[in-house]
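Here are a few exercises to work through with the model open in your viewer. Try each one before you read its solution.

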Amino acid sequence: MGSFNDLELLYYLQGRYSEAEPLYLEAINIFRERLGENHPHTQTVYQNYLMMLSQLPEAELR
């Protein structure tokens, strides 16, 4: 699970949002299935995903 988080963060920091997003979504699903919706690790990945979305130019959100 950690390698998804590391790779998605790397892509995010490099501005490669379209490559980071599917990894974030997959990681969220894995964490949710294995640890539950309210586990701190699940929530951290979800918050990181939301932070990435907030950084996207509006044109990329459509």
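The exercises below concern a predicted model.

**Exercise 1.** Work out how many helices and strands the protein chain has, and what pattern it follows along the sequence.

*Solution.* Start with the elements: the protein chain has three helices and zero strands. Now read along the sequence, and the pattern comes out as α-α-α. For the surface, the chain exposes about 4,200 Å², with carbon and sulfur atoms supplying 51% of that area. As for burial, 26% of the 62 residues are buried. Last, take the contacts between residues at least 6 apart in sequence: 42% of them join residues at least 24 apart.

**Exercise 2.** Decide how helix 2 and helix 3 are oriented to each other, and which residues make the contact.

*Solution.* First get the ranges: helix 2 covers residues 17–35, and helix 3 covers residues 40–55. Next, the geometry: the two pack at an angle of about 160°, and their axes are 9 Å apart. An angle over 145 degrees counts as roughly antiparallel, so helix 2 and helix 3 are roughly antiparallel to each other. Their crossing is left-handed. On the helix 2 side, the contact includes Tyr17, Tyr24, Ile28, Phe31 and Leu35. Helix 3 brings in, among them, His41, Thr42, Val45, Tyr49 and Met52. Sort the contact residues by type and you get 13 nonpolar, four polar and two charged.

**Exercise 3.** Is Thr42 buried or exposed, and which residues does Thr42 touch?

*Solution.* Locate Thr42 first: it's in helix 3. Its relative accessible area is 2%. Buried means under 20%, so Thr42 is buried. Now leave out residues up to four places away in sequence, and Thr42 touches Ile28, Phe31, Arg32, Leu35, Gly36 and Glu37.

**Exercise 4.** Follow one of those partners, Leu35: what is its accessibility class, and which residues does Leu35 touch?

*Solution.* Leu35 sits in helix 2. Its relative accessibility is 33%. That value falls between the 20% and 50% cut-offs, so Leu35 counts as partly exposed. With residues up to four places away in sequence set aside, Leu35 touches His41 and Thr42.

**Exercise 5.** Find where Asp6 lies, whether Asp6 is buried or exposed, and what separates its C-alpha atom from that of Leu23.

*Solution.* Asp6 belongs to helix 1, which covers residues 2–13. Its relative accessible area is 55%. Exposed means over 50%, so Asp6 is exposed. Then check the distance: Asp6 and Leu23 are 17 residues apart along the chain, and their C-alpha atoms are separated by 9.8 Å.

Note on methods
Residues are numbered from 1 along each chain as its sequence is written. This is a predicted model: local features need pLDDT of at least 70, side-chain atom pairs count only at pLDDT 80 or more; totals for chains, interfaces and linings use all residues. Side-chain values use heavy atoms; hydrogens and water are left out. Helices (H or I, at least four residues) and strands (E, at least two) are DSSP runs, numbered from the N terminus. Buried means under 20% relative accessible area, exposed over 50%, partly exposed in between (1.4 Å probe, protein chains only). Contact means heavy atoms within 4.5 Å. Accessible areas come from the Shrake-Rupley method with a 1.4 Å probe; for residues, only the protein chains shown count as cover. Axes are lines fitted to C-alpha atoms, for helices over the stretch in contact, and angles run from 0 to 180 degrees between N-to-C directions. Angles under 35 degrees count as roughly parallel, over 145 as roughly antiparallel, 65 to 115 as roughly perpendicular and the rest as oblique. A crossing is left-handed if the near helix is turned anticlockwise from the far one by less than a right angle, and right-handed if clockwise. Ala, Val, Leu, Ile, Met, Phe, Trp, Tyr, Cys and Pro count as nonpolar, Asp, Glu, Lys and Arg as charged, and the others, Gly among them, as polar.
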